[in-house]
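Ready to practise reading a protein model? Take a look at the structure below, then work through the exercises one step at a time.

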Amino acid sequence: MERGIIVQISGPVVDVEIQEGPLPRLREELTVEKNGEVRVMEVAQHVGRNTVRCIMLSPSEGLARGLAVDMPGHTIQVPVGTATLGRMFNVLGQPIDGGGPVPEDVPVQSIYRKPPTFEEQSPAVEILETGIKVIDLLEPYPRGARSASSAGPAWARRC
């Protein structure tokens, strides 16, 4: 695993100097360990021949110049599959719903992977029943699709 060091911190923006080897690609994950906690950042820009500018995706409090940075060589990866259905995760793929850790055998994929083609997707043919008569009648939602609704103006909600 390649290594670098932090040379500048400006809030959530961190500059990392790469000691040897090629610069990491844009969107690549870099990690730094502070007090036993692994903090993640993402390469946003190449600055010069041996420095990259990163955006912290974890808290940057307590970080200092000179800390060692690891470069795993891949983008941020999150768990996918049936074990993740009904769960809530942050952008780093860590569960935030209190449901315990994700099993180790669950596959992971990059957050930047290409979306499935239209042929690989299954069209929604089933309607989601919300139990709210007005929504089910006037604005039915297909099961598995993204959807949103608004409450409307305040005067309409009182009627």
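Let's start with a handy term: buried means under 20% relative accessible area, exposed means over 50%, and partly exposed is in between (1.4 Å probe, protein chains only). Keep in mind that this is a predicted model, where local features need pLDDT of at least 70, side-chain atom pairs count only at pLDDT 80 or more, and totals for chains, interfaces and linings use all residues. Residues are numbered from 1 along each chain as its sequence is written, and side-chain values use heavy atoms, with hydrogens and water left out.

**Exercise 1.** Work out which parts of the chain the salt bridge between Arg53 and Asp15 ties together.

Step 1: Check the contact. A salt bridge is a side-chain nitrogen of Lys or Arg within 4 Å of a carboxyl oxygen of Asp or Glu. For Arg53 and Asp15, the closest N and O atoms are 2.8 Å apart.

Step 2: Place the partners. Strands (E, at least two residues) are DSSP runs, numbered from the N terminus. Arg53 sits in strand E5 (residues 51–56) and Asp15 in strand E2 (residues 13–18), so the pair links parts that are 38 residues apart in sequence.

Step 3: Check the surroundings. Asp15 is buried, at 6% relative accessible area, while Arg53 is partly exposed, at 27%.

**Exercise 2.** Find out whether Arg39 and Glu37 are buried or partly exposed.

Step 1: Look at the pair. Arg39 and Glu37 form a salt bridge, with their closest N and O atoms 3.8 Å apart.

Step 2: Apply the cut-offs. Arg39 has a relative accessible area of 7%, so Arg39 is buried. Glu37 comes out at 38%, so Glu37 is partly exposed.

Step 3: Put the pair in context. A search of the whole structure turns up four salt bridges.

**Exercise 3.** Describe the largest pocket and its lining.

Step 1: Get the term straight. On a 1 Å grid over the protein atoms alone, a pocket is an open set of points where a 1.4 Å probe fits, with protein on both sides within 12 Å along at least five of seven lines; lining residues have an atom within 4 Å of a point.

Step 2: Look at the lining. It has 17 residues, and Gln77, Pro79, Leu92, Gly93 and Val108 lie nearest the pocket's centre.

Step 3: Find the strands. Strand E4 (37–47) and strand E7 (77–79) each supply at least two lining residues, and E7 gives the most, with three.

Methods: Helices (H or I, at least four residues) and strands (E, at least two) are DSSP runs, numbered from the N terminus.
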